[in-house]
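Please look over the sequence and the model shown here before reading on. The paragraphs that follow lead from one feature to the next.

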Amino acid sequence: MKNSQAAEIATSCIVCHQPILSTYYFCPNCGIKIIDTPLSTSLFTQIKLYIFSIILPMICFITIWRWQGGNYLKSKDEKTRTIGVVACLLLVISTILTIWITIITTQKIMESATAKINTEIDGF
Ligand SMILES: [Zn+2]
């Protein structure tokens, strides 16, 4: 095989093992996604991302500010305070769960990326 051909057929599909070009986003044989399609860098996409980046912390702030749990905790009435404690516990549990799910999801993405890289190296 000539060098130019070797460069063109860079790897093989991890599912159907058909030779594929390194420039392919999807396998032409089985249709599996090979590499992520590039993110758009158009002005409209940029503006959307920048606006969302500005608004997101504001949404979080407004959500926390609207949360009435703190007011319930400060109440002198015992029943109202109990409601505040329950709301606080739920907030803490939910926060821990969200962080935990984020860590698990990130690990899975890292593992699959590592596995994909290893498979590509083994393909040669
Ligand atoms: Zn394939």
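A salt bridge is taken here to be a side-chain nitrogen of Lys or Arg within 4 Å of a carboxyl oxygen of Asp or Glu. By this rule the count comes to one salt bridge in the structure, which, it should be said at the outset, is a predicted model. The partners are Asp-36 and Lys-33, whose side chains meet with an N to O distance of 3.3 Å, and these two side chains are also listed as making a polar contact, again at 3.3 Å. Asp-36 is found in the loop between β2 and α2. Because exposed means over 50% relative accessible area and partly exposed covers the range between 20% and that value, Asp-36 counts as exposed at 56%, whereas Lys-33, at 45%, counts as partly exposed. Asp-36 can also be placed relative to Tyr-25, from which it is 11 residues apart in sequence and 6.6 Å apart in space, C-alpha to C-alpha.

The next feature is the metal site. Which residues hold the zinc ion as protein donors? They are Cys-13, Cys-16, Cys-27 and Cys-30, each donating through its SG atom and lying 2.3 Å from the ion. Along the chain these donors follow the spacing C-x2-C-x10-C-x2-C. Cys-16 and Cys-30 form a pair that links distant parts of the chain, with Cys-16 in the loop between β1 (11-12) and β2 (19-20), Cys-30 in the loop between β2 and α2 (43-66), and their positions 14 residues apart. Both cysteines are partly exposed, since the relative accessibility is 23% for Cys-16 and 38% for Cys-30.

The geometry of the zinc site can be followed step by step. Four donors count as tetrahedral if all angles lie between 85 and 135 degrees, and the angles among the four donor atoms here are 106 to 119°, so the site of the zinc ion is tetrahedral. For comparison, the ideal angle at a metal with four tetrahedral donors is 109.5 degrees.

Two further loop residues deserve a look. His-17 lies in the loop between β1 and β2, and it has a positive phi of about 60° although it is not a glycine; at 56% relative accessibility, His-17 counts as exposed. Leu-39 lies in the loop between β2 and α2 and, with a relative accessibility of 78%, is likewise exposed. The C-alpha atoms of Leu-39 and Ile-14, which are 25 residues apart along the chain, are separated by 23 Å.

The path then reaches helix α2. At 1.5 Å a residue, the 24 residues of α2 should span 34 Å, and the C-alpha atoms at its ends are 34 Å apart, which agrees with that expectation. The helix nevertheless carries a kink of about 25° at Ile-55, shortly before the proline Pro-57. Further along the chain, Ile-62 has its place in α2 and is partly exposed, with a relative accessible area of 46%. Between the C-alpha atoms of Ile-62 and Lys-48, residues 14 apart along the chain, the separation is 21 Å.

Definitions and conventions
Residues numbered from 1 in each chain as written. Predicted model: local features only at pLDDT ≥ 70, side-chain atom pairs only at ≥ 80, totals over all residues. Heavy atoms only, no water. Donors = N, O, S within 2.8 Å, 3.2 Å for Na, K, Ca; no water. Tetrahedral: all angles 85-135°; square planar, octahedral: opposite > 155°, others 65-115°. Helix = DSSP H or I, 4+ residues; strand = E, 2+ residues; numbered from the N terminus. Buried < 20%, exposed > 50% of the residue type's maximum accessible area, 1.4 Å probe, protein only. Expected span 1.5 Å × (residues − 1). Bend = angle between axes of the 7 residues up to and from the residue. Polar contact = N/O pair within 3.5 Å; in protein donor to acceptor, adjacent residues only side chain to side chain.
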